[in-house]
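Ready for a short walk through a structure? Open your viewer, keep the selection tool at hand, and follow the stops below.

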Protein chains: 2
Amino acid sequence: MIIDIHGHYTTAPEPLGAWRDEQLAALDGGKPPAVAGPVITDDQIRDSIEANQLRLMDERGIDVQVFSPRASFMAHHAGDFEVSSAWARHCNDLIGRVSELYPGRFVPSAMLPQSSGVDPATVIDELERCVTEHDIVAVNLNPDPSGGHWTSPPLTDEHWFPVYEKLIEHELPVMVHVSTSVNPAFHTTGAHYLNADTTAIMQLLEGDLFSTFSELKMIIPHGGGAAPYHWGRFRGLAMMMDKPQLEDHLLNNVYFDTCVYHQPGIDTLLEVIPHQNIMFASEMIGAVRTEDPTTGHFFDDTVRYIQAADLTDASRQSIFEDTARKIHPRLDRRLKAQNR
Amino acid sequence: MIIDIHGHYTTAPEPLGAWRDEQLAALDGGKPPAVAGPVITDDQIRDSIEANQLRLMDERGIDVQVFSPRASFMAHHAGDFEVSSAWARHCNDLIGRVSELYPGRFVPSAMLPQSSGVDPATVIDELERCVTEHDIVAVNLNPDPSGGHWTSPPLTDEHWFPVYEKLIEHELPVMVHVSTSVNPAFHTTGAHYLNADTTAIMQLLEGDLFSTFSELKMIIPHGGGAAPYHWGRFRGLAMMMDKPQLEDHLLNNVYFDTCVYHQPGIDTLLEVIPHQNIMFASEMIGAVRTEDPTTGHFFDDTVRYIQAADLTDASRQSIFEDTARKIHPRLDRRLKAQNR
């Protein structure tokens, strides 16, 4: 089985974006949108999924995708906690509906109603609601709800601990994933996303989070940003800081996805990072939606890179399925309940 | 010949740091330091160089190093333009003295007296002074003088154009290099440096700087941050933005150094980036000063990685020497004057 642990609902039906536009316009005095959220039919959802994610999953042989709201639309910098809270609820409910319509293909992961400058503990109500109502299998946590101004403390700070406690309680892994950059220095998907991944790894390296939260499982997307390419640098910095080797210091808790959009990058990831710390992902339909003219295949068709890599069958099985099930116990239980 | 295009005077004699401490303390009402700068003897310089950079260059077979002030000490966020101006002058003069003491081994590159929120055109006096007095061969430009808050416009903005005009006039390539991060989110050498490299590439990709400044040569250090590892992502993003292929859009003007501290990372760089766009560098003595226990060699002994890589003699020659001479015409003239 091929499990894609990183997909976003980038193709959500138009009423979702229209509702958000109204919500943001209301911040400037416009008429607020319906409290009940956007009106979207099941057929609209089916159309948006079947023509896009599901079609590509079928073409590429992906069985299941861990599916979360569009990352760049989380936009935790916009408005206040109430704004984020209503927005997260509607986005998460939509993800829940996708997974109910396609229970064998999509499993829900939640965005959190983070808000710049607001205590992260405020996200717990929505997190628990998503556990209860949607049986989510993971969550996305934004280390920079300011949108590129990086005003939050590092991920190792007590600031974040209430969230980690709840994640562990509910057996949820957390993907560290930023949203839109409103800082003109940072392009959202070309710089901010990758920088956030690199930054997260270095924050974890500097700190000692996993001696406090040994059960926390943290996923660094986009192949870990710059970290695997500079793994020697990170290993050397850990030595200079008198930290344990990275295998002991980080790799009992930190996992990388395979959202690296060319064979040489994937090969580096596979050469440097232990295979049990890598989970298959495509992020499709995401940042890069074009075909690579040098291969004739889509850049984000990451199945091909893993298939073409020099891997043992055991490693490939671990990357495609086994680690995802181990790190997402709620996903594993869902699949087992389906006799998979 | 092996030319290392990226070295910093991280081992400068103690009076330099003491002078800086006094200068910063004066911002809080302390006694200002001597206007003439720190008092440092030639013997102090010799000791600091011969026991460190020069010893390692000899051990590793590096003939010449392009040598600039310690990057993390530039600290353009501290004080105002006058503070940066005095500090840059003394640091650059010290680099000038190193290159006068070892004319065959070190060639000077200047830091600029940037200051957060100040028009970059104010750096031109110091830039031209360094050309006249020290015959510098390159400069370091900090894309984020705020020190991790990223308050400056992108490198493609007119904001920076007066600097680019002077660089071209004086045949100086520019290395894009940040300094200390005062943002707790970003570790200086583990996150901020790499993020800046990735950010710079993406700014250049989004813009069209080199159609305006076709003669500008820009060096992205630390192996280009995350860019080569994610080259497929960048190629795909360029297509989505209707930009030319990266070879045409960027690689007539953008160069990468080899400050990547393990063999798999170097191999990725060499596989992805055309060899004529890569210049040898170690950044020693820099961010990582320890031995890799898996190889028994220093992480920053990047000569070994290039020697071990699967390269033609022509590519190795290009990376070790030829491109550095081509991109740094003032360095080439210096070497030719030495019959090298």
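## Where the two chains meet

Start with chain B and chain A together: about 4600 Å² is buried between them, and carbon and sulfur atoms give 62% of that area. Keep in mind as you go that this is a predicted model.

Now select the contact residues. You should pick up 57 residues of chain B in contact with 57 residues of chain A.

Next, look for charges that pair up across the interface of chain B and chain A, where the rule finds two salt bridges. To see a salt bridge up close, show the side chains of B:D292 and A:R235; their closest N and O atoms are 2.5 Å apart. Polar contacts also link chain B and chain A, with a count of 23 residue pairs.

Which elements of chain B supply at least two residues each to the side that touches chain A? Color α7 (188-206), α9 (231-240), α11 (263-272) and β9 (291-292) of chain B to find them. Of these, α7(B) gives the most, with 11 residues. If you color the side of chain B that touches chain A by class, you get 28 nonpolar, 21 polar and eight charged residues.

## The axis between the copies

Zoom out and try superposing chain B on chain A. A rotation of 180° with 0.0 Å of shift along its axis does it, at an RMSD of 0.0 Å. The two copies are therefore related as by a two-fold rotation axis. To locate that axis from chain B, select B:A226, whose C-alpha is the nearest to it in that chain, at 2.1 Å. Both copies use the same surface, as 100% of the contact residues of chain B recur in chain A.

## A pair of helices in chain B

Hide chain A for a moment and select residues 42-50 and 53-60 of chain B. These are helices α2 and α3, which pack at an angle of about 40° with their axes 4 Å apart. On α2(B), show B:S48, B:I49 and B:E50; on α3(B), show B:Q53, B:L54 and B:R55. These contact residues divide into two nonpolar, two polar and two charged.

## Backbone details to finish

Select B:M284 and B:I285: the peptide bond between them is cis, with omega near 5°. B:I285 sits in the loop between β8 (278-279) and β9 of chain B. Bring chain A back, and you will find a cis peptide bond joining A:M284 and A:I285 too, with omega about 5°.

For the last stop, go to A:E171, in the loop between α7 (161-169) and β5 (174-176) of chain A. A:E171 is not a glycine, yet its phi is positive, at about 60°.

Notes. Residues numbered from 1 in each chain as written. Chains lettered and ligands numbered in written order. Predicted model: local features only at pLDDT ≥ 70, side-chain atom pairs only at ≥ 80, totals over all residues. Heavy atoms only, no water. Contact = heavy atoms within 4.5 Å. Buried area = accessible area lost by both parts, 1.4 Å probe. Salt bridge = Lys/Arg side-chain N within 4 Å of Asp/Glu carboxyl O. Polar contact = N/O pair within 3.5 Å; in protein donor to acceptor, adjacent residues only side chain to side chain. Nonpolar A, V, L, I, M, F, W, Y, C, P; charged D, E, K, R; others polar. Axes fitted to C-alpha atoms, helices over the stretch in contact; angles between N-to-C directions. Least-squares fit on C-alpha atoms with pLDDT ≥ 70 in both.
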